[in-house]
Amino acid sequence: MEGQVEERLCGKWRVTCCLNSYNLRDIFTWHLVKTVVMGQVLSLLICGTAVSCEYLASAGVETPMLQSFLNYALLLIVYTTILITRKGERNIIQILKTKWWKYLVMGLADVEANYAVVKAYQFTTLTSIQLLDCFVIPVLMLLSWFILKTRYRLLHIVAVIVCLLGVGAMVGADILAGRDQGSTSDVLLGDGLVLLSAVLYAVSNTCQEYTVKKLSRVEFLGMMGLFGTLISGVQLAVLETHAVAAIKWDLRISMLFAVYALCMYALYSFMPVVVKMTSATAVNLSLLTADLFSLFCGFFLFHYTFSALYIISFVVITVGFIMFNAVPTYTLLPVDDPADPAESSSDRLLAADRDTQTDETLTAVAAL
């Protein structure tokens, strides 16, 4: 049984795809090109947050909860306001009545994941963090398998292994360059925090994929802004009051906070678009290059030592990412449930129609 004939990247080839077989030429589609490019845009945004954090740390400012609070506050101002102005079943009141505890868990997982990984730098080394942070990918695949009913093929497993080999090359280059930064005051505690952060990120990303594919991107971001602001605000007041009071504010410090907040806001706004196009697992594979972009910036800004292994690592991770997206995953969950009265017809169309990806992208860019 043959599927539909698809137009390929070069505009000249037409390839007939069978249901369970894929031609090598099927890899090079516009969808894959967009996925790779958009994934690297996300990595560049993470690079922006890392560079601004590096400058803030060099200025003696270590306030991870304040930085997270600014990001969630921006999401609250933009996306939660949109939910407030909606009418009917898509209004924030109706959402809170039926799903408040789900979004509370999602927001708590996201806030604490951000905090745990930043806190880990006080106890363990950069090498440990880079390696253990990859634990998010197998956890995410497991959660996707059981919760989202996502089914992977052998090529997907091989692709993940290839990406992790690329991370290994990057870590090896760091060790050879003497960049094993961080602390060794309590390595066991620090490594535990990194693993905890990876599990919490996996929970948050699984919730994100389900929400943006079954409901809507705006609902996810609006509720993340609401609960993220509340949770990070409480934690900020409890843990960082003295640290915030000790900040010596000037134009440079203010600009660094602004850059960090805007990069994080853009990352959170844009990431659901890429997740809907692919999956949360694919997005996390593309984010493995974020550390490499930070290193490339560090060559010019912080005088890091260059190593050819960094280039090899980037190429290997990119190849693994392309392999992962070459063959689509599939899910056992129904795309839509028309009998569910809590979901409006427009939301069901948003989840089911893949042709709306361009509209989602334009909406994300407009929100920035």
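A residue is called buried here when its relative accessible area is under 20%, and by that cut-off H156, A159, V160, V162, C163, G166, V167, A169, M170, V171, A173 and D174 of helix α6 are buried. The structure that holds this helix is a predicted model, and the description below moves from the chain as a whole to α6, then to its partners, and finally to some individual residues.

The chain contains 15 helices and four strands, and of its 368 residues 50% count as buried. Among the contacts in the chain with a separation of 6 or more, 83% are made by residues 24 or more positions apart.

Helix α6 covers residues 154-176, and its geometry can be checked against its length: at 1.5 Å a residue its 23 residues should span 33 Å, and because the end C-alpha atoms are indeed 33 Å apart, the expectation and the model agree. The buried residues of α6 are covered by several elements, including α4 (126-132), α5, α11 (280-286), α12 and α13.

Of these covering elements, α12 (residues 290-301) can be treated in the same way, since its twelve residues should span 16 Å at 1.5 Å a residue, and the end C-alpha atoms lie 16 Å apart, in agreement. Within α12, the buried residues are A290, L292, F293, S294, L295, G298 and F299, and these pack against α1 (30-58), α6 (154-176) and α13 (308-326). The helix α6 is therefore met from both sides of the description, as a partner of the buried residues of α12 and as a helix whose own buried residues are covered by elements that include α12.

Helix α1, another partner of α12, has 29 residues that should span 42 Å at 1.5 Å a residue, and its end C-alpha atoms are 42 Å apart, which agrees. Just after α1 comes G60, which takes a positive phi of about 80°.

Two packed helices are described by the angle between their axes and the distance between the axes. For α1 and α13, the angle is about 135° and the axes are 11 Å apart, which makes α1 oblique to α13, and the crossing in which α1 passes α13 is right-handed. On the α1 side this contact is made by L32, T35, V36 and Q40, and on the α13 side by F314, F321, I322 and N325. Sorted by class, the residues of the contact of α1 with α13 are five nonpolar, three polar and no charged.

Helix α5 (residues 136-146), which is among the elements covering α6, also packs with helix α7 (residues 187-214), their axes coming within 8 Å and crossing at roughly 40°. That angle makes α5 oblique to α7, and α5 passes α7 in a right-handed crossing. The residues that meet are V136, V139, L140, L143 and S144 in α5 and A198, V199, Y201, A202, V203, N205, T206 and E209 in α7. By class, the contact of α5 with α7 comprises nine nonpolar residues, three polar and one charged.

A further pair is formed by helix α2 (residues 64-85) and helix α8 (residues 217-239), which pack at an angle of about 140° with their axes 7 Å apart, so that α2 and α8 are oblique to each other. The crossing of α2 and α8 is left-handed, and 16 nonpolar, eight polar and two charged residues take part in the contact of α2 with α8.

Helix α9 (residues 241-245) contains V244, which counts as partly exposed because its relative accessible area is 24%. V244 and L66 are 178 residues apart in sequence, yet their C-alpha atoms are 7.7 Å apart in space. When neighbours within four places in sequence are left aside, V244 is in contact with T63, L66, L236 and W249.

Finally, the loop between α5 and β3 (150-151) holds K149, a residue other than glycine whose phi is nevertheless positive, near 60°. K149 has a relative accessibility of 31% and therefore counts as partly exposed.

Conventions:
Residues are numbered from 1 along each chain as its sequence is written. This is a predicted model: local features need pLDDT of at least 70, side-chain atom pairs count only at pLDDT 80 or more; totals for chains, interfaces and linings use all residues. Side-chain values use heavy atoms; hydrogens and water are left out. Axes are lines fitted to C-alpha atoms, for helices over the stretch in contact, and angles run from 0 to 180 degrees between N-to-C directions. Helices (H or I, at least four residues) and strands (E, at least two) are DSSP runs, numbered from the N terminus. Angles under 35 degrees count as roughly parallel, over 145 as roughly antiparallel, 65 to 115 as roughly perpendicular and the rest as oblique. A crossing is left-handed if the near helix is turned anticlockwise from the far one by less than a right angle, and right-handed if clockwise. Contact means heavy atoms within 4.5 Å. Ala, Val, Leu, Ile, Met, Phe, Trp, Tyr, Cys and Pro count as nonpolar, Asp, Glu, Lys and Arg as charged, and the others, Gly among them, as polar. The expected span of a helix is 1.5 Å times one less than its number of residues. Buried means under 20% relative accessible area, exposed over 50%, partly exposed in between (1.4 Å probe, protein chains only).
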